[in-house]
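Student: I've got a new protein open on my screen and I'd like to talk it through. Can we go step by step?

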Amino acid sequence: MAETPVSMSLECLADNQEYPRLQAFVEQACTHAGCSTRQRLRVILLIEELFTNTVQHGRGGAEPVPVTLNFTLAGKELKVRYEDGARRYDPFQSLNSRHSLEDTVELRPLGGLGVLLIRELGKDVRYAWAGNRNCVTFSMPTNASLERKR
C-alpha cells in the first residue's frame, strides 16, 4: 500500500520582515520530513535564494507580492513548490548550461550565482508560469544514506 503524501504550506509576503517566519517554516517542514542537517541547510539556502530574488527583483518597486511555499513529503523525497505573484520571470532561462559551480570568477557572468545554486543543489528543478504566478519546483531526497553517497 502506497504511503499518503503529507503537505505543509505557508503564505506570506515578499518582504524581508517575513523572512524569519519563512525560515522557521522551512526548518519545521525539513524536520518533519526527516531531512539530515546537510539536506535541511540546502533547502534553506535554496528557499532563501528564491525569496531574496522575489524581494529584490520581483516587486518592481511596488508593494510586496504574495509568496506561497508548499512542501510535500512523498516517501523519501521532499518536493518543494515556491510560487510568487511577481511579474513573469524564468530565472533559469538566462543560465548558460556550460557554467557550473566550478567555474572561475573570470568565466562566470555577473549575477545568477543563486539561481545556479538552485539548479545544482536541487533535484528535478523546474520553472513554470501558472495562474499568473512564477512557480519553481524542486525535490530533495530525505534518506540520509543517499546523502552519504554524494
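Student: Let's start with strand 3: how many of its eight residues are buried?

Tutor: Keep in mind that this is a predicted model. A residue counts as buried when its relative accessible area is under 20%. Strand 3 covers residues 77-84 and is mostly covered. The number of buried residues in strand 3 is six.

Student: Which strand pairs with strand 3 over eight bridges and also forms a hairpin with strand 3?

Tutor: Look at the hairpin, where two residues sit between the paired strands. The pairing there is antiparallel, and F71 stands opposite V80 in strand 3. The partner you want is strand 2.

Student: And in the turn of that hairpin, which residue has a positive phi?

Tutor: The turn links strand 2 and strand 3. Its phi is about 65° for the residue in question, and that residue is G75.

Student: Strand 3 has another neighbour, strand 5, so to speak; how many bridges join them?

Tutor: Strand 5 takes in residues 133-141, and it runs antiparallel to strand 3. One facing pair to find is R81, with T137 in strand 5 opposite. The count of bridges joining strand 3 to strand 5 is eight.

Student: Now zoom out a bit: in what order do the elements of the protein chain run from the N terminus?

Tutor: The chain has four helices and five strands. Begin at the N terminus with a strand, and follow the chain on to a helix at the end. The order is β-α-α-β-β-α-β-β-α.

Student: What share of the contacts between residues at least 6 apart in sequence joins residues at least 24 apart?

Tutor: A contact here means heavy atoms within 4.5 Å. We take the contacts between residues at least 6 apart and pick out those joining residues at least 24 apart. That share is 64%.

Student: What is the volume of the largest cavity?

Tutor: The structure holds one cavity of 30 Å³ or more. Its lining includes V6, H32, F71 and L78. The volume of the largest cavity is about 40 Å³.

Student: How many residues of that cavity's lining are charged?

Tutor: Strand 1, helix 1 and strand 2 each supply at least two residues of the lining. Sorted by type, the lining has seven nonpolar residues and three polar ones. As for charged residues, the tally is no charged.

Conventions
Residues are numbered from 1 along each chain as its sequence is written. This is a predicted model: local features need pLDDT of at least 70, side-chain atom pairs count only at pLDDT 80 or more; totals for chains, interfaces and linings use all residues. Side-chain values use heavy atoms; hydrogens and water are left out. On a 1 Å grid over the protein atoms alone, a cavity is a set of points where a 1.4 Å probe fits but cannot get out, and a pocket is an open set with protein on both sides within 12 Å along at least five of seven lines; lining residues have an atom within 4 Å of a point. Grid points are joined across faces, edges and corners, and a volume is the space filled by probe spheres set on the points. Ala, Val, Leu, Ile, Met, Phe, Trp, Tyr, Cys and Pro count as nonpolar, Asp, Glu, Lys and Arg as charged, and the others, Gly among them, as polar. Buried means under 20% relative accessible area, exposed over 50%, partly exposed in between (1.4 Å probe, protein chains only). Two strands pair if DSSP finds at least two bridges between them.
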